[in-house]
Amino acid sequence: MTRFEISDEFYLDGHPFKILSGAIHYFRVHPDDWYHSLYNLKALGFNTVETYVAWNLHEPRKGQFDFEGILDIERFLDTAKDLGLYAIVRPSPFICAEWEFGGLPAWLLTEKMRIRSSDPCYLKHVADYYDILLPKLVKRQLDRGGNILMVQIENEYGSFGEEKEYLKALKALMKERGVSVPFFTSDGPWRATLRAGSLIEEGIFATGNFGSKAAQNFQEMQAFFDEHGKRWPLMCMEFWDGWFNRWKEPIIRRNPEELAQAVHECISLGSINLYMFHGGTNFGFMNGCSARGVTDLPQVTSYDYDALLDEQGNPTAKYFAIKSMLHTFYPDLEQQEPLIKETLSKEGIPLKDRVSLFATLDSLAEPIETVYPLTMEALGQSTGYLLYRTQVENDRSEPERFRIIDGRDRAQFFINEKLVTTQYQAEIGEDIFYQLEDRLSQVDVLIENMGRVNYGHKLLAETQQKGLRQGVMADLHFLTGWRQYCLSLDNTEKIDFSAGWNPNQPAFYRYEFELEELEDTYLDMAEFGKGVAFINGVNLGRFWNVGPILSLYLPKGFLKKGRNEIIVFETEGIAPEYINLVKQHHYKQMEEI
């Protein structure tokens with residue numbers, strides 16, 4: 001049985017071992033494509049794959065667990081093992097990863113607790129989760145015939161807290177459930193984060209995260225090790241080979257040759273995990289959000305990351321630059337030609353049906369009635385949209401003054417199903433004036449949860465609760481008598497396309513097309529406004545005409561031979577008569593952003 005040890009170096013069965021790892025998140029890649037991505041990692045000459053584990057996907061509702069399909073981490077690890085790849089697994093409750101709420105389930109927000117701490121309530125939920133997750137990992141540890149080399153305790157905790165009892169508690173939870181391979185932590189490479197986020201005093205291996213200047217960063221890590229008398233190998237657990245992207249910002253790129261040189265500097269001094277090797281896609285509503293002062297900045301659906309494999313999983317110029325560098329400096333590494341997938345295009349797919357949200361509302365959700373509006377979490381919903389509805393009396397001859405008080409994240413305000421205004425975080429709370437014409441008018445507020453923050457101080461704040469968190473005021477008083485429609489949009493089969501359509505309203509649009517052969521493709525959303533798109537009932541993710549990306553990656557695993565159905569939920573009243581499948585992403589010109 002193979003043994004992995006951490007001493008002055010990494011050792012496999014007593015022989016020095018350099019970890020050459022790449023990050024592939026199984027939950028961001030269609031299961032049919034896991035082999036393709038893992039094969040390309042092995043073909044590069046690398047020996048290990050690293051993945052996070054997303055708690056909010058595996059336990060979307062408290063006590064309800066899912067490990068099927070794209071969440072079948074056991075199949076992912078077994079596929080890697082069959083290819084001869086070792087694995088580094090990071091099942092820490094928090095993963096960051098530009099992922100919705102950093103991987104934490106939104107239902108945690110319904111209970112009074114301090115997350116990422118030794119709060120007994122929080123640790124109880126982690127323990128319940130680990131009761132289900134860890135048995136799947138434990139039997140795949142290296143010392144039990146599997147391929148898992150190491151397991152992470154917490155993720156960049158030194159950029160959030162410094163409570164050692166919390167880290168010790170997580171370690172204990174894992175050990176009690178059978179984790180026996182070495183533990184590690186990963187943090188920024190400077191002393192403050194290493195001191196706060198590591199368990200070096202417990203002998204837990206510490207790694208650093210950075211994307212350049214390996215010699216300088218490793219020197220800082222070595223000084224920290226020396227301070228504690230540790231003779232450990234140096235490893236960058238996240239060598240950032242690209243970066244993530246946000247709406248309204250240009251795509252971030254990195255020069256392939258410069259990256260290859262930076263990677264060479266790193267592996268000449270220690271071990272590496274490329275973050276990301278294959279970025280993949282934030283399917284559904286799983287994009288994260290960057291925390292800012294007033295207005296947070298949601299990230300886009302694509303997690304291409306400008307990585308070594310593109311979003312589809314095909315090798316990029318970076319892949320070949322690093323492959324060439326490795327061949328030059330490490331000629332004994334076994335390399336193969338990478339696999340490359342094809343794409344298809346299909347233009348002029350016609351619109352078959354359309355229906356306004358207001359017309360099909362009752363077929364999608366059973367209204368929940370309360371005196372005052374409730375948050376998304378209090379209503380038992382984690383992601384998507386919420387429609388709040390009430391009535392207002394006409395008290396004056398001049399325009400009425402309305403205000404949305406403390407709403408998150410984006411609010412469309414309607415009177416009698418006519419759009420009055422759209423407000424984002426920076427505008428929510430500002431006056432909305434409207435001349436009421438009827439004695440009694442209907443008020444609708446469509447709230448979109450655009451993604452919870454995945455990093456930083458706001459993880460603790462109530463700002464991560466979505467929806468109408470206080471209410472709506474008319475004149476100087478809060479309106480009451482609310483009907484709330486939870487629109488997680490996981491039931492598109494219930495849309496009633498016969499119910500009627502009105503222009504300039506949020507609406508559903510259905511397109512149909514036939515396929516004889518299946519390949520990956522991209523759904524061109526350039527002619528739409530803002531919303532989400534579904535293929536055969538699967539939520540591909542968000543689109544928005546502000547860019548920088550105006551398309552959605554569609555893996556062939558979501559397609560089927562014969563009839564296929566695209567449903568688009570669009571909130572701005574902007575939708576074309578035809579939709580196209582194209583062979584590559586459609587980007588907005590940089591000067592337009």
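**Exercise 1. In which order do the eight strands of the open sheet lie, and in which sense do they pair?**

Before we start, a note on the model: it is predicted, so local features need pLDDT of at least 70 and side-chain atom pairs count only at pLDDT 80 or more, while totals for chains, interfaces and linings use all residues. Residues are numbered from 1 along each chain as its sequence is written, and side-chain values use heavy atoms, with hydrogens and water left out.

*Solution.*
- Step 1: The order is S28-S27-S30-S25-S14-S31-S26-S29, and the pairing is antiparallel. Strands are DSSP runs (E, at least two residues) and helices are runs of H or I with at least four residues, numbered from the N terminus; two strands pair if DSSP finds at least two bridges between them.
- Step 2: Strand S28 (538-544) and strand S29 (551-554) are the edges, each pairing on one side only.
- Step 3: On average, neighbouring strands of this sheet are turned by 30 degrees against each other, direction ignored. Axes here are lines fitted to C-alpha atoms, for helices over the stretch in contact, and angles run from 0 to 180 degrees between N-to-C directions.
- Step 4: For one pair in detail, take strand S26 (residues 521-524) and strand S31 (residues 578-582), antiparallel over three bridges; Tyr522 has Val582 in S31 as its bridge partner.

**Exercise 2. Find the strands that helix H10 lies across, and the residues that H10 buries.**

*Solution.*
- Step 1: H10 lies across strand S14 (346-356), strand S25 (507-515) and strand S30 (562-570), at about 75 degrees to S14. Contact means heavy atoms within 4.5 Å.
- Step 2: In H10 (residues 357-364), Leu357, Phe358, Thr360, Leu361 and Leu364 are buried. The cut-offs are under 20% relative accessible area for buried and over 50% for exposed, with partly exposed in between (1.4 Å probe, protein chains only).
- Step 3: These residues sit on the same side of H10 because they cover an arc of only 160 degrees around the axis, the arc being that of the directions from the helix axis to the C-beta atoms.
- Step 4: Now look at the open sheet of six strands, S15-S24-S16-S21-S18-S19, with antiparallel pairing. H10 packs on this sheet too, touching S16, strand S18 (410-415), strand S21 (440-448) and S24, and its direction makes about 80 degrees with that of S24.

**Exercise 3. Locate the annotated active-site residues and describe their surroundings.**

*Solution.*
- Step 1: An unreviewed UniProt entry places the feature "active site" at Glu156 and Glu238. UniProt positions are given in the numbering used here, feature names are shortened, and annotations may be inferred rather than shown by experiment.
- Step 2: The two span 83 residues in sequence, yet no two of their C-alpha atoms are more than 10.5 Å apart, so they gather at one spot.
- Step 3: Glu156 is in the loop between strand S7 (148-155) and helix H5 (164-176), whereas Glu238 belongs to strand S10 (residues 235-240).
- Step 4: Glu156 counts as buried at 11% relative accessibility; Glu238 is buried as well, with a relative accessible area of 4%.
- Step 5: Leaving aside neighbours within four places in sequence, the contacts of Glu156 include Arg116, Asn209, Glu238 and Tyr455. On the same basis, Glu238 touches, among others, Tyr52, Arg90, Glu156 and Tyr275.
- Step 6: Tyr52 leads us to strand S5 (residues 48-52), where five of the five residues are buried, so S5 is largely enclosed by the rest of the structure.
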